[in-house]
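Hi,

Here is the structure I promised to pass on. Have a look at it first, and my notes follow underneath.

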Amino acid sequence: MKDFIIPSRDMGTPAVKSDVIVNLTVDGIPVSVPSGTSVMRAAAVAGISVPKLCATDHVSAFGSCRLCVVQIDGMRGTPASCTTPVGEGMVVRTQTDEVAQIRKGVMELYISDHPLDCLTCAANGDCELQDMAGAVGLREVRYEPGQNHFAKRSAEGPNPEYRPKDQSNPYFTFDPAKCIVCSRCVRACEEVQGTFALTIEGRGFDSRVSAGMESDSFLSSDCVSCGACVQVCPTATLIENKVIEIGTPEHIVKTTCAYCGVGCSFDVHMRGEEVVRMVPSMDGKANRGHSCVKGRFAWGYATHQDRKLEPMIREKITDPWRVVSWDEALGFAADRLRKSQADHGRDSIGVITSSRCTNEETYLVQKLARAVFGNNNTDTCARVCHSPTGYGLKTAFGTSAGTHDFDSVEDTDLALVIGANPTDGHPVFGSRLRKRLRQGAGLIVIDPREIDLLSTPHMGDSMHLPLRPGTNVAVVTSLAHVIVAEKLYDEAFIREKCDWDEFLAYADFALDPKHSPEEVEKLSKVPADLIRKAARAYASAPRGSIYYGLGVTEHSQGSTTVMAIANLAMMCGNIGVPGTGVNPLRGQNNVQGSCDMGSFPHEYPGYRHVSDDATRELYQRVWGVELSPEPGLRIPNMFDEALAGRFRGLYCQGEDIVQSDPDTRHVTGALSAMDIVIVHDLFLNETSNYAHVFLPGSSFLEKDGTFTNAERRINLVNRAMTPKNGYEDWEVTQLLANRLGANWTYEHPREIMAEIALTTPSFANVTYDLLEREGSVQWPCNEAAPLGTPLMHIDGFVRGKGKFIHTEYVATEERTGARFPLLLTTGRILSQYNVGAQTRRTDNTAWHPEDILEIHPSDAENRGVRDGDWVRVASRSGDTSLRALITDRVAPGVVYTTFHHPTTQANVVTTDNSDWATNCPEFKVTAVQVSPSNGPSEWQEEYQSHSDQSRRILPTAAE
Amino acid sequence: MSLPASPVELTERIAEIIAAHKDREGPMLPILHDIQEEWGFVPEAAQPIIAEALGLTRAEVHGVVSFYHDFRDHPSGRHVLRLCRAEACQSMGADALAAQVQAALGLDWHETTPDGRLTLEPVFCLGLCACAPSAQMGDRLMGRATLAKVQRLVAGAGA
């Protein structure tokens, strides 16, 4: 189903929020707009386009091109409509002889320094300069050819003003010859992205757009390739390489990005079945027209040659793969699954749902386990990331999700960011936060590493609490200690929305001297006065918000930290009002959705326990089968049971557990012990090295469905092209279920959503019709909130009273000692995503070709490690080798790396310690030793050879 | 007026200059002036250091440095002769004077004598329009400039 939607119109200047409405007439048409709106935007609201070049509604007005001049009764001269605010009773004329003359004169000047190669120009048909020349009726350019920026040579020789194209960025080209120096790109880089990588160098005729300094190219500059500059460029100066290669798109499909939990809305610009470019939607409520390098550019993996499009099977994991028909592959899979159950019992098989697939697909996979396998052995990768969020926030507030929408950041006075790296992990949210920081909001970062957010250009006050990995609970509880001791809490809020006695008990607990900043300094290495300052700043900010990430959850005390955070927000009354809240930044595009959809072994969709009779009976009625009331196995339990010989079969959709789960050798051992491992994925991933059946998956560009982002927003995913593998993923799950006798008859994901809405109270009102109409909705969306719920817990907590939970700090068992004196913590980088299966297959490798180990100069010197050296990182679990980067972004005693590349396999070193409540692995703390090495470790070489072996595919017989 | 031997020295000296001005309102221009004073130009390596210290980016610093013609990106000769080319001076024969001076010194605009003594620069208005055409050598300004007066100015400065 292709949605042809006319792209949203550029209103010229950004929307303004105001309660005061101003009335005016533009060309005789009455129009009412909020006070502070520009005349240009008011005209656009009235349906009138004022010619413009430097103005766009992505950035604030600049008033440099002088094309948008208008006449206003009672006002002298010809003011620029973009920089002139509306006034009550104003009478504006946008088309008079006088302004027509001025505009023609301005265009003539512009065109006098522009190459007139429109027919062969990449922006032909999509060029605002061209449009404006038409709009003002430009018919001649009276200036003689002279000094210019576009001709390579003149009669006298090479043109000193000419500069060649900058093609250093793999995704777009900068051609200074076509630049009109409107500075839209510079302003978008500053206002929208917040990177300030671009500038206008020189002055007058010498003015040019420059990335970084004289010696920089786009690639070497601070540019993060978000694409905002390309999006706003009115000419072909900054243009996507794909447009240069293919030409202009001819239709648009609206969809949702399949990378991180921000869930950006995109317009996919298509040419037939080929994607030309992805452009962020201005009406996207999560991203408001912005994007990052991943969503905007890194979608080439969908058509990468590595993608496997045919089903494959093999008897043993040491055999080469054999390409077979869908029928044979599904039959083989179904037989083995049933055989495992026959031989080892009903509970001997299970599923892992994907946080990258749609809600509908996830729903079907957990339904497969519950209704077809007859057990509750379903889990999802949220187990290894945000399961503590689900548990912690449900216990404290009553819902397993963040409290606010992303728009709320525009109202915050202080952001407390804990264990998250938004500018790399959630870049579009990072940009929105940076915008607020530039407006003066305060920032406190609690993270072992000095993240980029702390070097936001033009921001106000910031504090960094560089804690020792594993001491989150101690530090956050110590903040509470200060707030209680100095009576900075919000008594009225606590009395109204929480249980006062419970708070008093918590206050007593927090006041214990062991939670004092001085005591906590000893554990966490965070100076006591910094803890005090941070506590006072958060408590005294009128609207303080908390954003956190995996640096909070992936610990042995992940759930405890989430609860400590909830306590902090409640005691300061920072819930239920815009600009406040507790907001987990969720990792994957649909990790919220996969949790909502009942992927966990103990919960049906909507977080209802499997032992709850009413819910179970409801599903028994709808699904028409007996359901087990016993919670199933979590991922780590599946592995343990497999090694014990009791868990024999796994259907794993869209997740690479070998690479993403901790203690890789434990995982591969477990998979090797199974009779049937079915991998359903785009690529032969690391897990498929241990699989017997490979079912080719479809990318987000090839399917219909919905993703739910970190703000509980259900976004539509629309199919832009036919699945190259033949089926959307939900169809494959249905085929497998039907081979097992399920007799499912879904014809479109909207029917699956109807079943979800029918059976899940918080989704009761969600339909595709509603989503198509509204663009997106945030759950709960039901009778009480027919259009969804941007902010939760406004009039009280979902669970009734907010719950204060005592948060005792218990040190992780993972300790440093003589053998392993350093603490390894892991994270992400902007250009790569998760295990890198997608981003490694794009030009994003230009920024991050390999994982590197960040190490403090003093630790490096002690070990004789120089910048760029190969080092061996060893823990109690295993070892791997990678290159070192010496930097003081990490504290002494702490080393840091990413896990994007399978050749590094950072998770070989991580341990099987996990969160006490949810088994979320402790990725963020591993005691390690670092030593110089000569190259890849023995394990890496062994693994590589096994990997090569297990990816062999038998040639198909010639016909 | 030359770069220090090591990048470490450069960084340290720039840090001192920055520290002297950091708390002023609008510290960037005074910092750039001092750097130019120190080395005769603003080394590109200084730009990221200034950016980091002031909470800006190197692109922004480059934008400022390149906006002002007085900030140089490479060392000049020991003396700089500037001839005004703005409208008032042009109307009083500045272009002809410039041609004569260029021929006499054997220098084109922005060029430096091979011995590094003198650099010739155009300038757009020295504020001496009433006695155009005008010129400048170091701190000395000259009105109603002629080739002979300019040559004396150059000789007098020992350039």
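**What I found**

Starting with an annotation: an unreviewed UniProt entry lists residues 98–137 of chain A as "domain: 4Fe-4S His(Cys)3-ligated-type". Keep in mind that this is a predicted model. In the model, that span of chain A, residues 98–137, is 57% helix and 0% strand, and the C-alpha atoms at its two ends sit 14 Å apart.

Now chain A as a whole. Its secondary structure adds up to 29 helices and 36 strands. Along the principal axes, the C-alpha atoms of chain A take up a box of roughly 90 × 80 × 65 Å. How does the radius of gyration of chain A sit with a compact globule? For 959 residues, such a globule would come out near 30 Å, and chain A has 29 Å, so the two agree.

On packing, 58% of the 959 residues of chain A count as buried. If you take the contacts in chain A with a separation of 6 or more, 72% of them are between residues 24 or more positions apart.

Then there is the interface. Here 13 residues of chain B are in contact with 19 residues of chain A. Which element gives the largest share of chain B's side? That is helix α4 of chain B (residues 58–67), with seven residues. By residue type, the side of chain B that touches chain A splits into six polar, four charged and three nonpolar residues.

Cheers

Conventions: Residues are numbered from 1 along each chain as its sequence is written. Chains are lettered from A and ligands numbered from 1 in the order in which they are written. This is a predicted model: local features need pLDDT of at least 70, side-chain atom pairs count only at pLDDT 80 or more; totals for chains, interfaces and linings use all residues. Two residues are in contact if their C-beta atoms, placed from the backbone, lie within 7 Å. Helices (H or I, at least four residues) and strands (E, at least two) are DSSP runs, numbered from the N terminus. Ala, Val, Leu, Ile, Met, Phe, Trp, Tyr, Cys and Pro count as nonpolar, Asp, Glu, Lys and Arg as charged, and the others, Gly among them, as polar. UniProt positions are given in the numbering used here, feature names are shortened, and annotations may be inferred rather than shown by experiment. The radius of gyration is taken over C-alpha atoms; the globule rule is 2.2 Å times the number of residues to the power 0.38. A residue is buried if 20 or more other C-beta atoms lie within 10 Å of its own, exposed if 12 or fewer, and partly exposed in between; C-beta atoms are placed from the backbone.
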